[in-house]
Amino acid sequence: MDKKITIAIDGFSGCGKSTLAKDLARRLEYTYIDSGAMYRAVTYYVLKKGIDVNDSRLVEKALREINLKFAAKVSEGIFLNEQLLIGEIRSSRVNAHVSTVAAIETVRTHLVAQQQKIARSEGVIMDGRDIGTVVFPKAQLKLFITATLEERVRRRVKENISKSIPVSTHEIKKNLQHRDHIDTTRKISPLEQAVDAVLIDNTNLTRIEQLEMVLALVRCRTERKIEED
Ligand code: CDP
């Protein structure tokens with residue numbers, strides 16, 4: 001498949017968007033961009049500087065001191081002013097504050113502009129909360145991923161155990177609920193399914209089943225693009 005499309009993946013916290021995006025990127029040789037890592041890196045910086053995340057004016061000022069760069073085509077890491085961040089952006093502290101930072105209008109305008117710039121070429125998969133609605137409204141394939149809260153908690157607990165991150169099940173559940181609430185109710189580009197997105201509830205799908213389903217969709221959308229071009 002030579003011709004490449006743009007794939008936008010949105011959905012709730014912990015529903016496996018990044019796992020799917022990485023699997024797709026490897027199979028299709030696409031570039032994967034984790035937009036959440038950018039919001040997380042800004043939050044990490046702001047917290048490190050001791051800035052109150054509720055003070056949008058100070059957060060906005062800090063944005064000018066931040067330069068973000070992705071480490072590789074399909075990677076876990078992001079460079080924040082030359083410092084490679086991997087596990088640091090997934091700490092409970094960042095989890096607790098990232099949605100507050102991501103609700104600030106200037107933060108969104110700034111990061112969305114960067115996301116659109118990085119992904120100017122085709123063959124890009126980006127996951128987040130506003131990718132199909134705001135970042136790539138013309139993406140050929142938009143997915144909206146969901147799963148039950150119980151299943152999302154179960155997966156995040158498993159992920160944390162594998163990464164030796166010490167967090168209780170209760171804390172994970174509370175954080176997912178907290179972020180879902182802020183993400184869906186914020187004024188600026190709240191998390192919502194784009195009208196032309198395909199909805200996938202992956203509660204009862206294995207990683208492979210979901211990947212094969214989406215690969216079939218990618219094939220169809222790529223053929224459609226070839227016909228239209
Ligand atoms: O991996 P997980 O689903 O837990 O979250 P993430 O994708 O790393 O995103 C972390 C947080 O960043 C989300 O809860 C949102 O508040 C924010 N975010 C956003 O507002 N817009 C995006 N495009 C991506 C993330």
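Helices α1 and α9 cross in a right-handed manner, where right-handed means that the near helix is turned clockwise from the far one by less than a right angle. Their axes, those of α1 (residues 17-28) and α9 (residues 207-228), come within 10 Å and cross at roughly 55°. That puts α1 oblique to α9, since angles under 35 degrees count as roughly parallel, over 145 as roughly antiparallel, 65 to 115 as roughly perpendicular and the rest as oblique. Axes here are lines fitted to C-alpha atoms over the stretch in contact, with angles running from 0 to 180 degrees between N-to-C directions; helices are DSSP runs (H or I, at least four residues) numbered from the N terminus.

This is a predicted model, so local features need pLDDT of at least 70 and side-chain atom pairs pLDDT 80 or more, while totals for chains, interfaces and linings use all residues. Residues are numbered from 1 along each chain as its sequence is written, and side-chain values use heavy atoms, leaving out hydrogens and water.

A second helix pair involves α7 (residues 149-162) and α8, whose axes come within 9 Å and cross at roughly 125°. That makes α7 oblique to α8 as well, and this crossing is again right-handed.

Now to the ligand. Around it sit 20 residues (a heavy atom within 4 Å), with Arg-40, Ser-99, Arg-108, Arg-156 and Asp-183 coming nearest. By class, the shell splits into 4 nonpolar, 6 polar and 10 charged residues, with Asp, Glu, Lys and Arg counted as charged. At least two shell residues come from each of α2 (35-48), α4 (92-102) and α8 (169-185), and α2 gives the most, with 4.

As for polar contacts (N or O pairs within 3.5 Å), Ser-35 places a polar side-chain atom 2.9 Å from a ligand nitrogen, and Asp-130 does likewise at 2.9 Å. An N or O atom in the Arg-186 side chain is 2.8 Å from a ligand oxygen. Of the 530 Å² of accessible area (Shrake-Rupley, 1.4 Å probe) that the ligand has on its own, the protein covers 97%.

Terms used:
A polar contact is a pair of N or O atoms within 3.5 Å; within protein, one must be able to donate a hydrogen and the other to accept it, and residues adjacent in sequence count only if both atoms are side-chain atoms.
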